[in-house]
Each structure stands twice: as structure tokens, then as C-alpha cells.
Amino acid sequence: MVEPDQPSTARMIDFWLGGHHHFPVDVEAARAFEGAYGPCAPVFRALRAFLGRAVRAVAERGVDGFLVFGAGVPTMGNVHEAAPEATVLYTDVDPVTIRLGQRILAGSDRAGYGYGDATDIGTIDPAQLHRFVPGWGRRPVGVVFLGLAAFLDDDTLARTLDELYTAAAPGSCLAIDFDTEELAGHPEALAMMGPAFRMRSPEAFGPLLGRWTPTDDGIVPVTRWRPEGPPEQVPDAFHGAVAVRGDD
Ligand SMILES: C[S@@+](CC[C@H](N)C(=O)[O-])C[C@H]1O[C@@H](n2cnc3c(N)ncnc32)[C@H](O)[C@@H]1O
């Protein structure tokens with residue numbers, strides 16, 4: 001594969017998770033970010049563990065098809081590994097990450113990877129959508145929206161989640177997170193995230209979910225969302241929720 005000249009947050013996360021699908025430019029950016037913030041591996045391990053618990057909880061409701069936005073690198077406990085019986089369509093907008101994902105999943109008949117701009121569901125290839133998320137719009141599915149809200153302004157995020165609500169069938173579930181104000185205490189690291197990066201309080205984030213209703217677990221630090229043991233002792237950099245589409 002041709003080496004990218006720009007780092008990607010998704011591939012930096014792969015580096016922090018101990019994966020093998022990143023490039024020197026990603027490692028350099030990851031190390032620079034850690035210099036400004038502190039160790040990231042435990043924080044992103046905790047976020048990936050939340051993904052696993054949330055996806056398993058959705059699968060336990062009988063959902064067997066997942067649509068993943070801003071998917072990043074599809075390894076290290078990502079959706080098809082957390083729900084091995086399900087079919088999964090991973091989507092992203094970054095061409096290098098998409099090619100990487102397609103190479104990783106080349107041997108899979110249950111998981112695929114394609115282009116998809118979360119803010120415009122019409123950008124997803126309908127053939128891929130129907131192959132990997134069969135019954136989209138007619139049967140409950142899991143929508144995974146992790147690591148993405150931070151890059152969308154409030155209006156775009158609220159509109160996007162509302163459009164997804166309308167498009168998904170009743171009973172569908174949304175797994176979502178957002179960045180807390182943790183980086184406010186680390187201005188150099190915050191500057192590295194770029195001008196589009198948004199931090200939010202739980203009070204500000206809740207209304208953006210619109211018609212999606214969080215489960216009784218609420219919107220909480222990801223380490224405290226149905227922990228399977230003592231919650232990891234990491235900074236509360238991310239809050240998360242699983243929210244359900246009702247019948248309206
Ligand atoms: C911080 S990474 C998160 C990756 C992965 N979800 C995870 O948690 O490891 C954010 C990802 O969102 C992608 N992205 C940014 N804007 C997007 C958009 N409008 N639609 C879909 N993906 C987007 C980026 O290319 C990047 O891969």
C-alpha cells in the first residue's frame with residue numbers, strides 16, 4: 001500500500017491498541033500527542049472495551065446486523081469480533097483507512113468495508129448496505145457511531161442522528177460516544193485535534209440524541225457503562241450510551 005503522508009486518528013488508535021495497521025506518520029503523530037497529553041493506550045483500550053460491551057448488549061437484544069460509521073481500523077476487538085455471529089458493514093471517509101479495512105476483511109463473508117459519510121447515508125453503496133446489513137430500514141439493526149461525534153458540530157450531529165433515526169427500523173440501537181472536556185486541561189493536545197474538534201458535557205450532548213432514547217444505563221463515562229468488573233482507572237475522556245429507536 002502507498003504510505004499516507006498525513007496521520008489518521010483511527011490509525012493512531014490502532015497503534016495505541018497494539019495493532020499492526022498503521023504507518024510511521026501515524027506513530028509520529030501518536031507520540032507527539034502523548035507528549036502533550038500523556039499515555040493514551042489505557043484510555044483507548046477502555047473505549048474499545050466499551051465498544052465490545054455495547055455491541056454485545058445490542059446483539060443480545062437479537063440484533064444481527066451492524067452499520068458502523070467512522071469505523072477506523074476493523075481489528076483489535078472491533079464490531080465483527082465483538083459480535084461474531086452478526087454481519088457488519090464498516091464505513092469511513094478516509095480512503096487509506098478504507099483500503100486498509102478492505103484488505104483486513106478480504107477473507108470475510110460476514111463483514112465488509114466501504115465509503116460512507118456519516119452525515120449523508122446516501123453515500124453508502126446500496127449493494128454493500130443490503131449485503132451486510134440485510135433488512136436495513138425494515139429490521140432492527142445496530143448503528144455504531146464511535147469516535148465520530150467529536151468531529152461534527154452540534155447542528156450537523158443532531159441532523160445526522162435524526163436522519164439515522166428516520167432511516168433505521170424501530171428497535172434499532174445506536175452505540176455512541178462523545179469527547180468530554182478532558183482535553184481542556186491540555187491545550188497543546190487540544191490544538192493538535194484541529195479546529196473541527198468538539199468537546200461536550202453530558203448535559204449538552206443528551207439533547208443532540210433527539211428521538212434516540214438512551215437505555216437505563218444513561219449517558220456515562222464509558223468505563224462505567226455496564227462494567228464487567230471494577231471500572232478501568234483512566235481519565236473520563238469519553239462518555240457513551242446505547243440508545244434505542246422507538247416506534248414513532
Ligand atoms: C477517532 S477515529 C475513530 C475510529 C474508530 N471508530 C474507533 O473508535 O477506533 C474517527 C474516524 O472517523 C472518520 N470520519 C471523520 N469524519 C467522518 C464522516 N463525516 N463520516 C464518516 N467517517 C468520518 C475518520 O476518517 C476516522 O477514521
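**Ligand contacts and the H1–H2 packing**

In this predicted model, a polar side-chain atom of Asp92 sits 2.6 Å from an oxygen atom of the ligand. Two further contacts involve nitrogen on the ligand side. For Asp117, a polar side-chain atom lies 3.0 Å from a ligand nitrogen atom. With Ala118, it is a polar backbone atom that comes in, at 2.9 Å from a nitrogen atom of the ligand. As for how much of the ligand gets covered, on its own it has 590 Å² of accessible area, and the protein covers 86% of that.

Zooming out to the whole shell, 17 residues surround the ligand, and the ones that come nearest are Arg48, Gly70, Asp92, Ala118 and Leu146. By character, the shell splits into eight nonpolar, five polar and four charged residues. Helix H1 is the top contributor here, putting three residues into the shell.

H1 also packs against another helix. H1 covers residues 9–16 and H2 covers residues 24–37, and the two pack at an angle of about 75 degrees with their axes 9 Å apart. Angles of 65 to 115 degrees count as roughly perpendicular, so H1 is roughly perpendicular to H2. On the H1 side, the contact is made by Arg11, Met12, Phe15 and Trp16. H2 answers with Asp26, Val27, Ala29, Ala30, Arg31, Phe33 and Glu34. Sorted by character, the residues of this H1–H2 contact come out as seven nonpolar and four charged, with no polar ones.

Conventions
Residues numbered from 1 in each chain as written. Predicted model: local features only at pLDDT ≥ 70, side-chain atom pairs only at ≥ 80, totals over all residues. Heavy atoms only, no water. Axes fitted to C-alpha atoms, helices over the stretch in contact; angles between N-to-C directions. Helix = DSSP H or I, 4+ residues; strand = E, 2+ residues; numbered from the N terminus. Parallel < 35°, antiparallel > 145°, perpendicular 65-115°, else oblique. Contact = heavy atoms within 4.5 Å. Nonpolar A, V, L, I, M, F, W, Y, C, P; charged D, E, K, R; others polar. Near = heavy atom within 4 Å. Polar contact = N/O pair within 3.5 Å; in protein donor to acceptor, adjacent residues only side chain to side chain. Areas by Shrake-Rupley, 256 points an atom, 1.4 Å probe, with all protein chains shown as cover.
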